[in-house]
Amino acid sequence: MAYLKEESPSTYEWMADKDPRHWSRAFFNEFPKCGMLCNNYCEGFNSAILEARDRPIITLLEMIRNYLMKRMAKKRVDVEKWHHPIGPKLFKFIEKVKLETSGCHSNFCGNNIFQVRNFEQDQFVVDMDRRTCTCRRWQLVGIPCLHAMCVIMASNMDPFQFVDECYGKERYSLAYNPVIYGLNEPLMWPQTGQRLIRCPEFKKQRGRPKKARKLQSDEVRQDATTRLRKNYLLIHCRKCGQMGHNIRSCGKRGDN
């Protein structure tokens, strides 16, 4: 925050009023085992229901039900193909962290506590009994951080034993164990005698309907015709050399 205050006092004042538990990893709760600061989970679900969300309510719910039914069935099949106590993506991540420990050095302090220094000469304390590291990444994510992995590799221990149980095969299977059963077509549904649910009155808006979400100012479109945005970019005129405009909008174009 001291660096932010020096770089941008206005930004510092704006951030000072916000609860740090919502934007700083240093204040995150350690229970959820997630250190993400973005909303990728919400965006992933929104992209999955993109086609369904413009449909009538019954059709929308049926499309979401079918999507979840097929997804959960696929996950139950996938988990049976695991060759390790954890998933394949997490296994690759741990293997990558194990390679990065070559630049770290650990020293035993006592009571299963270690002092670890990384290649950037930063120093942290790892408690193997409490499964904590002063960098807090192990507590937040539930996966051994670089410093904890350095101790694990130096002690010839199994890194999978120090991964939180929420990433294990048993918990994964338990999450996708409920079965969403199929339904007959709507004509075969039992009649309730209640009033039918109609679509709300539709009022056509001006312009082309928007499907894609609004991008942030620093985001780039993921397509073949990607062009960098010029937000906050200072341009110079080739005619007069001044900033803020180009040669097309220069007032001196017609001087010659």
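Helices (H or I, at least four residues) and strands (E, at least two) are DSSP runs, numbered from the N terminus. The exercises below use these names for a predicted model, in which local features need pLDDT of at least 70 and side-chain atom pairs count only at pLDDT 80 or more, while totals for chains, interfaces and linings use all residues. Residues are numbered from 1 along each chain as its sequence is written, and side-chain values use heavy atoms, with hydrogens and water left out.

**Exercise 1. The overall plan**

Determine how many helices and strands the protein has, and in what pattern they follow along the sequence.

Solution. Begin with the count, which gives eight helices and four strands. Next, read along the sequence, where the pattern is α-α-α-α-α-β-β-β-β-α-α-α. Then turn to contacts, meaning heavy atoms within 4.5 Å: of those with a separation of 6 or more, 45% join residues 24 or more positions apart. Finally, consider burial, where buried means under 20% relative accessible area, exposed over 50%, and partly exposed in between (1.4 Å probe, protein chains only); buried residues are 22% of the 256 in the protein.

**Exercise 2. The sheet**

Work out the order of the strands in the open sheet and the sense in which they pair.

Solution. Strands of a sheet pair through backbone hydrogen bonds, either parallel or antiparallel. Here two strands are taken to pair if DSSP finds at least two bridges between them. The open sheet has four strands in the order E1-E2-E3-E4, with antiparallel pairing, and its edge strands, each pairing on one side only, are E1 (105–110) and E4 (132–133).

Now go through the pairs in turn.

- E1 and E2 are joined by five bridges in the antiparallel sense, and Ser106 stands opposite Val116 in E2.
- E2 and E3 also pair in the antiparallel sense, over five bridges, with Gln115 opposite Val125 in E3.
- E3 and E4 pair in the antiparallel sense over two bridges, and Asp127 stands opposite Thr132 in E4.

**Exercise 3. Positive phi in the loops and turns**

Find which residues around the strands take a positive phi, and state where each one lies.

Solution. Start with the loop between E1 and E2, which holds Asn112; the phi of Asn112 is near 60 degrees, a positive value in a residue other than glycine. Asn112 is partly exposed, with a relative accessible area of 28%. Move on to the hairpin of E2 and E3, which has five residues between the strands and in whose turn Gln121 has a positive phi of about 65 degrees. In the hairpin of E3 and E4, with four residues between the strands, Arg131 takes a positive phi near 55 degrees. The last step leads to the loop between E4 and H6, the place of Arg136, which is not a glycine and yet has a positive phi of about 70 degrees.

**Exercise 4. The nonpolar core**

Identify which residues touch the most other members of the largest nonpolar core, and which elements give two or more residues to this core.

Solution. A nonpolar core is a set of buried Ala, Val, Leu, Ile, Met, Phe, Trp, Tyr and Cys residues joined through side-chain atoms within 4.5 Å. The largest one has 26 residues, and Ile94, Val126, Met128 and Trp138 touch the most other members. Two or more residues come from each of H5 (88–100), E2 (113–117), E3 (123–127), H6 (137–141) and H7 (146–154), and the largest share, six residues, is that of H7. To see one member closely, take Met128, which touches Asn112, Phe114, Trp138, Val151, Ile152, Met157 and Phe162, when residues up to four places away in sequence are not counted. As general background, nonpolar side chains tend to be buried together in soluble globular proteins.

**Exercise 5. Two residues of helix H4**

Decide whether Leu61 and Arg65 are buried, partly exposed or exposed.

Solution. First place the two residues: Leu61 lies in helix H4 (residues 57–79), and Arg65 is in helix H4 as well. With a relative accessible area of 48%, Leu61 is partly exposed. Arg65, by contrast, has a relative accessible area of 16% and therefore counts as buried. As a last step, list the contacts of Arg65, which touches Ile180, Tyr181, Gly182 and Leu183, again leaving out residues up to four places away in sequence.
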